[in-house]
Amino acid sequence: MNGRRLVGVVVAGLVAAGAVVGWAQQPPAQRAKDTVAQGVTAVLVDVVVRDKRGQPVRDLTQADFQITEDGVSQPLGSFSTVFEGTAPAPEASPAGVATPAAPSAAAGGDSQDRSLAVTAIVFDRLSPEGRRLAVQAAQGYLGNKDEAPGYIGIFGVDLAMTPYAAFTRNARVLREALTKMASRGSASFNSAEQQQQKATADRQAGAGAGSAPTTPEPGAAAAVGGGRGQAMLGQMQSKMIDDFQVMERDQQGYSTTNGLFAIINTLRRLPGRKSIVLFSEGVAIPPAVQRLFLGVIDAANRANVSIYAMDAAGLRAESEQAKIRDQVNKAGAGGGGILSSARSGDALSKALEKNEDVLRQDPHNGLAGLAESTGGLMFENTNNLRQGFDRVESDLRNYYLLGYTPTNDNYDGRFRNIEVKVTRPGVTVAARKGYFALRNTGGVPVDAWEALALGALESKPVPNAFPMRLGALLFPERERPGLVPVVVDLKTAPITFQAAEDGKTYTSDFSVLVRFLDAHNEVVRKVSQHYEVTGPVADLERAKQGEVIFYREPELAAGVYTVEAVAHDALSGKSSVRFATVEVPRVDAGVLRMSTLVIVKRGERVPEQDRRAANPLLVKDVLLYPNLGDAVSRKTKELGFYFAVYPAPGAPTPEASLQLLQDGKLIAQVPVPVPAADASGRIQVAGRLPIERLPAGTYDMRAVARQGDAQVIRSSLLRIVE
């Protein structure tokens with residue numbers, strides 16, 4: 001995204017509009033009393049220890065374990081064991097990372113049977129041969145038994161996550177799901193045909209690059225087979241395939257992480273250690289997806305879920321590590337690596353990024369990283385994947401639980417690395433590798449950029465590094481009665497913009513996050529956006545004068561909610577936080593309803609092809625942008641306003657009026673024309689209020705809707721200046 005488009009795209013492209021509950025001028029944020037549970041945060045780590053024969057070691061004591069967090073030794077506060085054939089010892093504190101006041105975010109509980117074995121079998125976009133091998137391994141594990149050894153669910157991840165069997169011990173249901181899985185196809189990511197096309201294009205580009213220039217015959221300029229022309233066509237095709245493969249890898253990474261997030265979020269509600277058996281032929285982790293994988297690791301570790309990765313490609317004729325090594329080694333041989341890129345005029349940093357991307361494509365790196373970081377294991381380069389299930393089942397029933405209170409009480413959202421060691425020699429240790437330093441995520445998966453933003457909520461006092469505004473609105477639509485859009489508005493001027501080393505481009509990296517907490521301080525919804533803005537340095541000043549309006553349309557059940565909003569600037573590490581409160585009333589379609597009263601900042605005509613009928617702020621062909629608390633000058637002469645009325649069926653036509661109050665006294669009241677209802681039964685009321693003769697000051701602006709004996713009032717604060 002270049003600097004010239006920053007304002008237009010970020011404002012017009014990412015934003016619809018919003019109105020606000022409590023949208024007066026917002027001072028630096030102050031946390032409401034008792035909105036966040038205070039207390040000691042505990043971390044529980046389940047550890048599997050095996051001897052040289054691969055058998056569980058069952059006789060270790062607390063004194064045999066050492067645990068460090070970011071290299072700092074942590075004193076163990078609790079120690080217990082879960083071993084097959086013995087009664088599980090009670091846990092001293094919730095599993096994962098959570099405050100004692102929020103046990104629902106924990107994976108375990110004293111009243112639950114932690115020896116319960118629960119496994120999700122996930123098939124991640126497999127080739128026909130890989131799917132055959134994976135299904136065969138799962139079928140061999142189930143055998144002909146009527147009942148599975150534990151609760152098992154079967155899922156497929158492709159362009160979407162598909163459940164084939166809910167968690168059950170009914171082996172017949174599971175075998176039927178596997179049969180269905182065996183017959184399904186997968187989206188073709190980086191197919192063999194595509195790889196062959198890429199190789200052919202590279203050969204054409206290389207062959208033509210060294211050819212002497214030739215003079216083409218008339219009508220045959222740059223024809224295929226004509227040396228330089230052939231090279232140019234080969235280079236064009238190779239570049240096209242390269243670009244498409246980058247997009248494919250990003251999409252593949254997003255699909256896999258989103259599927260794992262969904263499964264982990266389901267498993268977190270169950271007690272004890274759980275497992276995911278991930279059949280995959282490799283998970284590429286391009287830079288765009290890297291932070292999502294950290295989020296998967298954090299979510300799995302909080303939920304006590306270990307991932308066991310099984311390379312469904314089976315026994316490989318040529319190791320992927322060797323392929324990756326060969327590609328990187330081209331750098332020194334002029335075969336398309338760093339040196340050849342530099343000679344062709346490309347930036348050296350771009351070539352380095354390409355080699356880093358090549359390394360990330362190694363399936364061992366992605367799959368092994370997921371497994372090792374969550375206390376699982378990877379099974380690769382074998383056609384006998386059946387043995388992996390035996391290991392999974394054993395680990396679920398044989399492990400130690402270590403609990404400690406981190407000595408570092410600064411919960412800033414950064415990822416903390418955990419390392420567990422055992423003093424006894426000759427044993428192997430499998431344990432979770434870390435978590436985001438957050439007291440309570442509410443059980444909702446967290447991405448890396450979200451973690452840093454949420455860390456700002458832990459600061460005391462909460463940060464206020466740059467101006468921003470937060471608003472929420474109510475639009476009780478017929479199809480979406482709990483619609484509560486939220487909007488955050490901030491200028492780009494205080495955001496850090498960093499010039500690249502070559503002095504030609506700039507970058508900016510920031511994020512906006514909003515979450516809703518219910519009356520019990522539980523997180524019920526979280527929405528966010530990560531902005532990575534780049535552009536030519538020539539457009540830097542224009543970019544700094546931009547505006548970011550973050551907008552989402554969550555739906556909530558009836559109740560009172562605290563709204564927390566964070567804007568985090570990754571390059572400077574600075575943040576701003578705002579709080580608001582919104583009450584979602586119970587909706588009865590048989591009574592008169594009304595939306596928030598929106599004070600309009602500006603309107604924008606929307607082309608027909610871009611109009612979204614479900615947008616609550618789209619009035620005919622005009623998109624309305626709200627005023628989130630800015631003072632209005634009398635020189636504007638008129639003030640736009642908007643609200644929606646939802647009349648009760650069968651009752652008289654509604655009436656509406658607008659009121660202005662100051663210091664509790666009614667100073668003006670005018671009737672407002674009410675147009676006919678649209679196809680959804682909604683009446684959109686928009687108009688202008690003359691303010692040229694109103695004295696400067698603060699007013700309570702109210703919209704009143706009446707239908708028969710029913711009346712609804714919505715108000716917003718209005719500040720008028722000279």
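How many helices and strands does the chain have? I counted 13 helices and 34 strands. Note to self: this is a predicted model.

**Entry 1: the whole chain**

I looked up burial next. Of the 722 residues in the chain, 49% are buried. Then I turned to contacts with a separation of 6 or more, and 76% of those are between residues 24 or more positions apart.

**Entry 2: aromatic pairs**

How many aromatic pairs does a search of the whole structure find? I got 13. I picked two of them to look at properly.

Phe65 and Phe79 came up first in my notes. Their ring centres are 5.8 Å apart and their planes meet at 50 degrees, so I wrote this pair down as tilted. To count as stacked, the planes would have to be under 30 degrees apart. Phe65 belongs to strand S2 (residues 65–69) and Phe79 to strand S4 (residues 76–83), so the pair ties together parts that are 14 residues apart in sequence. Are they buried or exposed? Phe65 has 6% relative accessibility, so I call it buried. Phe79 has 26%, which makes it partly exposed, because buried means under 20%.

My other pick was Phe123 with Phe279. Here the ring centres are 5.3 Å apart and the planes are at 15 degrees, so the pair is stacked. This one links distant parts of the chain: Phe123 is in strand S6 (residues 118–124), Phe279 is in strand S9 (residues 274–280), and they are 156 residues apart. Phe123 is buried at 3% relative accessibility, and Phe279 is buried too, at 0%.

Back to Phe65 and Phe79 for a moment. I found that they form one aromatic cluster together with Phe83 and Tyr400.

**Entry 3: charges over rings**

I also checked which charged ends sit over rings. Lys145 has its charged end over the ring of Tyr141, 5.7 Å from the centre. Arg602 lies over the face of Tyr625, and I noted 4.2 Å to the ring centre.

**Entry 4: odd spots in the backbone**

Where is there a cis peptide bond? I found one joining Lys460 and Pro461, with omega at about -5 degrees. Pro461 sits in the loop between helix H12 (448–456) and strand S16 (469–472).

Next I went after positive phi values in residues other than glycine. Arg125 has one, near 50 degrees. Its place is the loop between S6 and helix H2 (128–142), and at 9% relative accessibility Arg125 is buried. Lys637 is not a glycine either, and its phi is about 70 degrees. I located Lys637 in the loop between strand S28 (632–633) and strand S29 (638–646). Unlike a buried residue, Lys637 is partly exposed, with a relative accessible area of 47%.

**Entry 5: nonpolar cores**

Which residues of the largest nonpolar core touch the most other members? The core has 31 residues, and the answer is Val484, Val488, Leu490, Val514, Phe516, Val563 and Val582. Several elements give it two or more residues, including strand S17 (486–491), strand S20 (523–536), helix H13 (540–544) and strand S22 (559–569). The largest share is 5 residues, and it comes from S19.

I zoomed in on Val488. Skipping its neighbours within four places in sequence, I found it in contact with Met468, Arg469, Leu470, Val512, Val514, Val548, Ile549, Phe550 and Ala565. Another core lies apart from this one. That core has 30 residues, and among them are Leu126, Leu133, Ile152 and Leu174.

**Entry 6: cavities**

Last job: empty space inside. Rolling a probe the size of a water molecule over the atoms shows where such space is left. How many cavities of 30 Å³ or more does the structure hold? I have 6 on my list.

I opened up the second largest one, which has a volume of about 80 Å³. Its lining is made of 13 residues, and Thr119, Tyr141, Ile152, Glu393 and Leu396 are the ones nearest its centre. S6, strand S7 (147–157) and helix H11 (386–397) each give two or more residues to this lining. H11 has the largest share there, with 5 residues.

Two names rang a bell. Tyr141, in the lining of this cavity, is the ring under the charged end of Lys145. Ile152, also in the lining, is a member of the core of 30 residues.

Key: Residues are numbered from 1 along each chain as its sequence is written. This is a predicted model: local features need pLDDT of at least 70, side-chain atom pairs count only at pLDDT 80 or more; totals for chains, interfaces and linings use all residues. Side-chain values use heavy atoms; hydrogens and water are left out. Rings of Phe, Tyr and Trp (its six-membered ring) pair if their centres lie within 6.5 Å; planes under 30 degrees apart count as stacked, over 60 as edge-to-face and the rest as tilted. Helices (H or I, at least four residues) and strands (E, at least two) are DSSP runs, numbered from the N terminus. Buried means under 20% relative accessible area, exposed over 50%, partly exposed in between (1.4 Å probe, protein chains only). A charge sits over a ring if NZ of Lys or CZ of Arg is within 6 Å of the ring centre and within 35 degrees of the ring normal. A nonpolar core is a set of buried Ala, Val, Leu, Ile, Met, Phe, Trp, Tyr and Cys residues joined through side-chain atoms within 4.5 Å. Contact means heavy atoms within 4.5 Å. On a 1 Å grid over the protein atoms alone, a cavity is a set of points where a 1.4 Å probe fits but cannot get out, and a pocket is an open set with protein on both sides within 12 Å along at least five of seven lines; lining residues have an atom within 4 Å of a point. Grid points are joined across faces, edges and corners, and a volume is the space filled by probe spheres set on the points.
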